[in-house]
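Reader: Please choose one pocket of this model and go through it closely, from its lining to the packing of the protein.

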Amino acid sequence: MFGLEALDLARMQFAFTVSFHIIFPAITIGLASYLAVLEGLWLKTGQEVYRDLYHFWSKIFAVNFGMGVVSGLVMAYQFGTNWSAFSDFAGSVTGPLLTYEVLTAFFLEAGFLGVMLFGWNRVGPNLHFFATVMVAIGTIISTFWILASNSWMQTPQGHEIIDGRVVPVDWLAVIFNPSFPYRLLHMATAAFLATAFFVGASAAWHLLRGRDNPAIRKMLSMAMWMALLVAPVQAFIGDLHGLNTLKHQPVKIAAMEGHWDNSSGEATPLILFGWPDMEREETRFKVEVPYLGSLILTHSLDKQVPALKEFSKEDRPNSTVVFWSFRIMVALGLLMILAGVWSLWLRWRGGLFRSRPFLYLCLWMGPSGLIAILAGWFTTEMGRQPWVVYGLMRTADAVSNQSVTQMSLTLVTFVVVYFLLFGAGLGYMMRLVRKGPVTDEGKEQGIGGPGQHRTPARPLSATEEGMDDDDTAVTEGRN
């Protein structure tokens, strides 16, 4: 297929499925915590705007959660079908870690999800809030185990290799490997930011169309507070993560910076833009700032950053891809900080909900968090190449013995099915967003979810429409 080998197609297939999948857990992590905050504020203040937003976003959460579960199952099967040599080599580490994720996080989420989505009028307010908090905690625990597994592949430790297989000897060292704390914080914070800008874009869309009510304003306000407070923190975490990567994966940093040569003996410049050419071993058309690379990456004005030519060609990642994916992530992060600062200035001027240029920025920044997450994952995963377990197993040695024909057919099938299935799901989710929260007294739709009059069989039924409920009954059920 287009001159590609089975290895290339297997990598493309996994990259495609994981890129689709990561969108849904990211929003699930952020929305679950957002829902817990909304319900907590409603219980504390009694302001109906928080209740209205809870019911609105819980529907979108249900759709997103369902698509995340389905897309995640496919990836688990691929470890056996496409990467059986990797599973045989490292399965004694990755297998238990993923099992812990199911036993702790997924079971916790599944156990309380039904109460959260369908128990609004069936259980007391404190128990319902507890269920929402448990679902939110479950998403964080899930992130913990997934990042522990992936971080071990980046910076493996706590193991021995016996008879050609990894054998864990220290589980604490396996889990809390050198890159794990930074990557866990970086991913969790990215999920919160992605959700904040998704919520903010939803509010901006309604405000630009003249739909101005307390619920819409509260959505935008909360989203921009999150951007203002968390985006700078994410930049700080990213800096710490970069220092950690420089220590443990220096070739990845060299590829991210498009830095080839240290023969001059001078401090490393920061290349703002350019085109790393893997064949010519240089970054063409570069625009650089002297000394700034050393200052950012080593916090020194004289230390040099490792250069790509210091590593053999077969150990170098594709700098062209990693260089640009990293810059996309950083550029979007800077825009998030700008949006947060601009929102603070508009609050002070009293124009947060009326500034159309700002609202358009929020609207266009809606997918920015998800794009930044994808760019970040491309950077970290392609920057690890040619290793699937860094320093221990090469990607070429991890693939199953599949033919080009088999990999081509399955890749095409995945592309077609994913775009049809998840395209429809995303379209439905956007339809819910466009409807917005309903706040008119006596006209709210979906209060309490479908569980009011029957026991639902599936989480997605929480989004079914045409189920109007009496606000009085809801209020009485909460008091």
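Author: A pocket here is an open set of points on a 1 Å grid over the protein atoms alone, where a 1.4 Å probe fits and protein lies on both sides within 12 Å along at least five of seven lines; lining residues have an atom within 4 Å of a point. Volume is the space filled by probe spheres set on the points, which are joined across faces, edges and corners. The model is predicted, so local features need pLDDT of at least 70 and side-chain atom pairs pLDDT 80 or more, while lining totals use all residues. Numbering starts from 1 along each chain, and side-chain values use heavy atoms, without hydrogens or water.

The second largest pocket has a volume of about 1,200 Å³, and of its 45 lining residues, His 186, Gly 238, Phe 326, Met 329 and Val 330 are the closest to its centre. Elements that each supply at least two lining residues include helix H6 (180-208), helix H7 (214-248) and strand S3 (270-277), these being DSSP runs of at least four residues (H or I) for helices and at least two (E) for strands. H10 gives the largest share, 12 residues, and H10 spans 319-349. By class, the lining holds 29 nonpolar, 11 polar (a class that includes Gly) and 5 charged residues.

As for packing, the largest nonpolar core, of buried residues (under 20% relative accessible area) joined through side-chain atoms within 4.5 Å, has 101 residues, with Tyr 34 and Trp 57 among those with the most contacts inside it. Apart from that core lies another of 16 residues, among them Val 251, Met 256, Phe 326 and Met 329; Phe 326 and Met 329 thus appear again, having been listed among the residues closest to the pocket centre.

Terms used:
Buried < 20%, exposed > 50% of the residue type's maximum accessible area, 1.4 Å probe, protein only.
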